[in-house]
Amino acid sequence: SFGDSDAQREVRANDRQYVFHSWSAQNKIDPLPIAKGEGARFWDYDGNEFLDFSSQLVNLNLGHQHPGLVRAIQEQAGRLATIQPSIANDVRGELAKRIVEHSFDGARSVFFTNGGAEANEYAVRMARHHTGRQKVLARYRSYHGSTATAITATGDPRRWANGVLDAGVVHFFGPYPYRSEFFSESPEQETERALAHLEHTIQLEGPDTIAAIILETVTGTNGVLVPTPGYLAGVRALCDRYGIVMIADEVMVGFGRTGEWFAYQGFDVQPDLVTFAKGVNSGYVPLGGVVISEAIHNTFGDRAFPGGLTYSGHPLACAAGVATFDIFEEEGILERVRDLGSRVIAPRLAELAAKHPSVGEFRGLGLFWAMDLVLDRETREPLVPYNAAGEAAAPMNAVVAACKAGGLFPFVHFNRLQIAPPLVIGEDELVRGLDIIDAALDVADGYTTG
Ligand code: PLP
């Protein structure tokens, strides 16, 4: 139980003996035992407190134990805990309706999945059937999930570790002004050249072989890469020109992370398919899905869609999803995300960047930010190499250790320290977390050579 070292030891022992963990060498990990959580904080069994600047895996948008979410799940469990997907059900229909109503122009329906990877699998499958084409273009520096097509679409080394599971995936580069692939000198130039590169890729692959372009609206795990001005509209125009389906992967940024219901709404672009998961119900019960345009919906009007899942539209998950919409309205979540991002985080990160030579660049919006840490500001050499592990990752491991020692649970990926707290985080908590990061950056500064 809480505050009990014996409990802490027993949880750790059972975990080490019996639980097989994701993405890990099983002998090289020591998972943190966690007993309870509330809002943006959680505690181990000894009562040590952590402030969560990572929203778990950037899914806990409404924080731990939100009473509205807990109540919705309890009420639904008391009424109808599960029902198979070919049945019509009140919370399933209500959630689909609310998602469609908050989505792009011409959004028609929702296909529910158990999470984000499956949502991307199904979106690609729909695009392939809709267009009769096979290829999918996806970006480097992306993460789309760990099932066959989703991991192949992923644009980081985890893709190859899983083998070639979907031969139709082709990668291209997106905009990243700080580390430009296009030798650009301004964001506008970056947009123009990134779009030219994409169009060349389309032409060389053959437009009539390409079913879809899938991209994270704001790249998440791979660096909080905010699209440069006009980039997403340019991708939309290329999709229109060549009859390609545009899939926005909003698994990480959907449901408020950037201060919009869906991040694409801040960039004035209308995708054909939108995938979501995580924030739809903060992960209290696994849920994901695909928002489908009228045209793609109609492709499967008279012919059957070949696919399905036993738990598609699970009532416990959907009840929490409906409650999410109510809570967002009641608590003005989108407004507070924009306010905290622009009034508290942006100016503080500017201060940290001025003070700490290890901060090469900071970027983001809403409650979604990253600091690109470097050894040398002039050369922009990353604090640790891309894909660093073991000894090579030591400087970042030291930064993480400093954060944890200060009581902060951070989100790091290679040389980046990312900031993605629950959207309900208190302003005082946010400031305290940024103070802890300020101190941890002293550790990073110790490695700089510039
Ligand atoms: N797409 C994006 C952008 C993600 O960030 C993630 C997970 O982090 C996924 C897809 C995969 O989601 P899941 O882990 O629920 O399968």
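Q: Which two strands flank the loop that holds Phe255?
A: This is a predicted model, where local features need pLDDT of at least 70 and side-chain atom pairs count only at pLDDT 80 or more, while totals for chains, interfaces and linings use all residues. Residues are numbered from 1 along each chain as its sequence is written. Helices (H or I, at least four residues) and strands (E, at least two) are DSSP runs, numbered from the N terminus. With that settled, the loop holding Phe255 runs between β8 and β9 (273-276).

Q: What is the phi of Phe255?
A: Most residues other than glycine have a negative phi. Phe255 isn't a glycine, yet its phi is positive, near 60°.

Q: Is Phe255 buried or exposed?
A: Burial comes from counting other C-beta atoms, placed from the backbone, within 10 Å of a residue's own: 20 or more is buried, 12 or fewer is exposed, in between is partly exposed. Phe255 has 31 such atoms, so it counts as buried.

Q: And Phe183, is it buried or exposed?
A: Phe183 also has a positive phi, near 55°. This residue is in the loop between β6 (169-172) and α8 (187-205). With 8 C-beta neighbours inside 10 Å, Phe183 counts as exposed.

Q: Where along the chain is His144 found?
A: His144 is buried, because 31 other C-beta atoms lie within 10 Å. Leaving out residues up to four places away in sequence, its contacts (C-beta atoms, placed from the backbone, within 7 Å) include Asn120, Ile214 and Asp249. As for its place, His144 belongs to the loop between β5 (135-139) and α6 (148-153).

Q: How far does α5 reach from its first C-alpha to its last?
A: The expected span of a helix is 1.5 Å times one less than its number of residues. Helix α5 (residues 116-131) has 16 residues, giving an expected 22 Å. The model comes close to that, with α5 reaching 23 Å.

Q: How many of the 16 residues of α5 are buried?
A: Among the buried ones are Asn120, Tyr122, Met126 and His130. The helix α5 is largely enclosed by the rest of the structure, because the buried count out of 16 is 12.

Q: Which residue follows α5?
A: The residue right after α5 has a positive phi, near 70°. That residue is Gly132.

Q: Which element gives the largest share of the shell around the ligand?
A: A residue is near the ligand if its C-beta atom, placed from the backbone, lies within 6 Å of it. The ligand is surrounded by 16 residues, and the closest are Gly115, Gly116, Ala117, Gly145 and Val251. The largest share, three residues, comes from α5.

Q: How many residues of the shell around the ligand are polar?
A: Here Ala, Val, Leu, Ile, Met, Phe, Trp, Tyr, Cys and Pro count as nonpolar, Asp, Glu, Lys and Arg as charged, and the others, Gly among them, as polar. The shell has six nonpolar residues and two charged ones, and its polar residues number eight.

Q: Which residue in β8 is the bridge partner of Glu216?
A: Two strands pair if DSSP finds at least two bridges between them. β7 (residues 210-216) has seven of its seven residues buried, and this strand pairs with β5 in the parallel sense over four bridges. β7 also pairs with β8 (residues 245-249), again in the parallel sense, over five bridges. One of the partners there, for Glu216, is Asp249.

Q: Which residue in β10 stands opposite Ser109?
A: Strand β4 (residues 107-113) is largely enclosed, because five of its seven residues are buried. β4 and β10 (residues 288-293) pair in the antiparallel sense over six bridges. Opposite Ser109 in β10 is Ile292.

Q: Which are the edge strands of the open sheet β1-β2-β3-β14?
A: Four strands form this sheet, and the pairing is mixed. β1 runs antiparallel to β2 (residues 41-43), with three bridges joining them. The edge strands, each pairing on one side only, are β1 (36-38) and β14 (408-409).

Q: What radius of gyration does the protein chain have?
A: The radius of gyration is taken over C-alpha atoms, and the globule rule is 2.2 Å times the number of residues to the power 0.38. With 450 residues, a compact globule would come out near 22 Å. The protein chain agrees with that, at 22 Å.

Conventions. Contact = placed C-beta atoms within 7 Å.
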